[in-house]
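Let's look at a protein model together and ask how each label is earned. Keep the picture open while you read.

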Amino acid sequence: MKKLILFSLTVISSFVLSQRFTIDTLLTDQISIRAIQLWDGKVWYAGTDSKFGYVNIKDGSDKKQITLSDKKLQFRTLAQNKRSFYAINIESPAYFFQINKKTLKSKVVFNDNDATAFYDAFKFVDNDFGIAFSDPTNSQRLNISQTRDGGSKWIHCNDCKDFPYLEKGEAAFAASNTNIAGVGNFIWIATGGSKSRIYRMKNKDCNWKVFETTFIQGTSSQGIYSIDFLDENFGIAVGGDYTKQSDNVNNIATTNDGGQTWQIQASGKNAGYMTCVKFRPKTKGKEIVAVGDQHISFSSDYGKTWTKISDEKNLYTCEWLNHDTLILAGKNKIIKLDFLNN
């Protein structure tokens, strides 16, 4: 386990001046991890080569890894409810794996055999209702699968009549399992490519609305990669262009009306492409962390300005354990970042 204590040596921002943090490596392996869940004091992950497992946050020697399939599947989604974890591989056919939390026994509870199946994100908004979405079919509507009974039965819709049509070249990114969010009565999905927009469903009734953004868009690599919502009104979106990671124009935006309108923030004044964004707990939306392949960045003013706080590379996804501890995962590693009290 490596341990680095990082101190501010130059005046960059009030955040850096007032904070110190440590970075511990919890896990190293030959794996790409883009989806994590926190439960029972452990980081649970699903990744490449059909790998699923956990590592204890306090004791890195307490870990276990299993193979969900003898096929070389790649997982970029992971969700949980009270009894089980669920993982879906990208590409067709897509297998919905259910993993019992107590026994770690797994089984396939649903198959999506559509030729265009490529699942981008998956979330349980409560113990019963889970929703996953895949790239659009030829109908130019997102491929939606959902459960309303905790994962036993699945409703599959590859041409959802209630879902708005996507523009040609508009899809979503399987980057960090965080271009879907759910708070209160709302669920949001973010897209990118030729268009970068926000789709919102209310009361789980599949009556979707679509909202335009001024986010960077126009090519297959541009758009929103991650969203997070503090409540039913205040949310944030990050992304950019993964082929031009230093580009930092129109790649961060916030909303104060539940996703209907978006305001670009810090355009030209941030560290570039970001794959995951999360509100820091117990800060009422004031403090936010974002992760990109080349950096970890932090905002202490509701997303208006940003400071790069680490050059740690190859991280794709993150999740707050609590106010002081952030878990991050990516290429071949899971790390823990602890902010130290002064």
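Q: How many aromatic pairs does a search of the whole structure find?

A: The search finds 29 aromatic pairs. Keep in mind that this is a predicted model.

Q: Why is the pair of Trp 44 and Tyr 54 called tilted?

A: The ring centres of Trp 44 and Tyr 54 are 4.8 Å apart, and a pair needs centres within 6.5 Å. The planes of Trp 44 and Tyr 54 stand at 45°. Stacked would need under 30 degrees and edge-to-face over 60, so the pair is tilted.

Q: What parts does the pair of Trp 44 and Tyr 54 tie together?

A: Trp 44 lies in strand 3 (residues 42-47), while Tyr 54 lies in strand 4 (residues 51-56), so the pair ties together parts that are 10 residues apart in sequence. Both Trp 44 and Tyr 54 are buried.

Q: What makes Phe 163 and Trp 208 a tilted pair?

A: Their ring centres are 5.0 Å apart and their planes meet at 55°, so this pair is tilted. Phe 163 sits in the loop between strand 13 (155-157) and strand 14 (170-171), and Trp 208 in strand 19 (residues 208-212), so the pair ties together parts that are 45 residues apart in sequence.

Q: How do you know whether Phe 163 and Trp 208 are buried or exposed?

A: Buried means under 20% relative accessible area. Phe 163 has 2% relative accessibility, so Phe 163 counts as buried. Trp 208 has 8%, so Trp 208 counts as buried too.

Q: Which residues form one aromatic cluster?

A: The cluster is formed by Tyr 86, Phe 96, Phe 110, Tyr 119, Phe 122, Phe 124 and Trp 154.

Q: What makes us say that the charged end of Arg 34 sits over the ring of Tyr 316?

A: The charged end of Arg 34 is 3.9 Å from the centre of that ring, and the distance cut-off is 6 Å. Likewise, the charged end of Lys 101 sits over the ring of Phe 85, 5.1 Å from its centre.

Q: Why is there no disulfide between Cys 276 and Cys 318?

A: A disulfide needs two cysteine sulfur atoms within 2.5 Å. The sulfur of Cys 276 has its closest cysteine sulfur in Cys 318, at 3.6 Å, so the two are too far apart for a bond. The search of the whole structure finds 0 disulfides. Cys 276 is buried, with a relative accessible area of 0%, and Cys 318 is also buried at 0%.

Q: What makes strand 2 largely enclosed by the rest of the structure?

A: Of the 20 residues of strand 2, 15 are buried, so the strand is largely enclosed. Strand 2 is joined by 9 bridges to strand 29 (residues 325-340), and these two run antiparallel. One partnership there links Ser 32 with Lys 331.

Q: How do you know that strand 2 and strand 3 pair?

A: Pairing needs at least two bridges, and 6 bridges join strand 2 to strand 3, so they pair. These strands run antiparallel and form a hairpin with 2 residues between them. In the turn, Asp 40 has a positive phi of about 60°.

Q: Which residues are closest to the centre of the largest pocket?

A: The largest pocket holds about 650 Å³ of space. Of its 32 lining residues, Gln 37, Lys 123, Asp 228, Lys 278 and Glu 319 are the closest to the centre. Among the elements that give two or more residues to the lining are strand 2 (20-39) and strand 28 (315-320).

Terms used: Residues numbered from 1 in each chain as written. Predicted model: local features only at pLDDT ≥ 70, side-chain atom pairs only at ≥ 80, totals over all residues. Heavy atoms only, no water. Buried < 20%, exposed > 50% of the residue type's maximum accessible area, 1.4 Å probe, protein only. Phe/Tyr/Trp six-rings, centres within 6.5 Å; stacked < 30°, edge-to-face > 60°. Helix = DSSP H or I, 4+ residues; strand = E, 2+ residues; numbered from the N terminus. Lys NZ or Arg CZ within 6 Å of the ring centre and 35° of its normal. 1 Å grid on protein atoms, 1.4 Å probe; cavity = no way out; pocket = protein on both sides within 12 Å on 5 of 7 lines; lining within 4 Å. Points joined across faces, edges and corners; volume = space filled by probe spheres on them.
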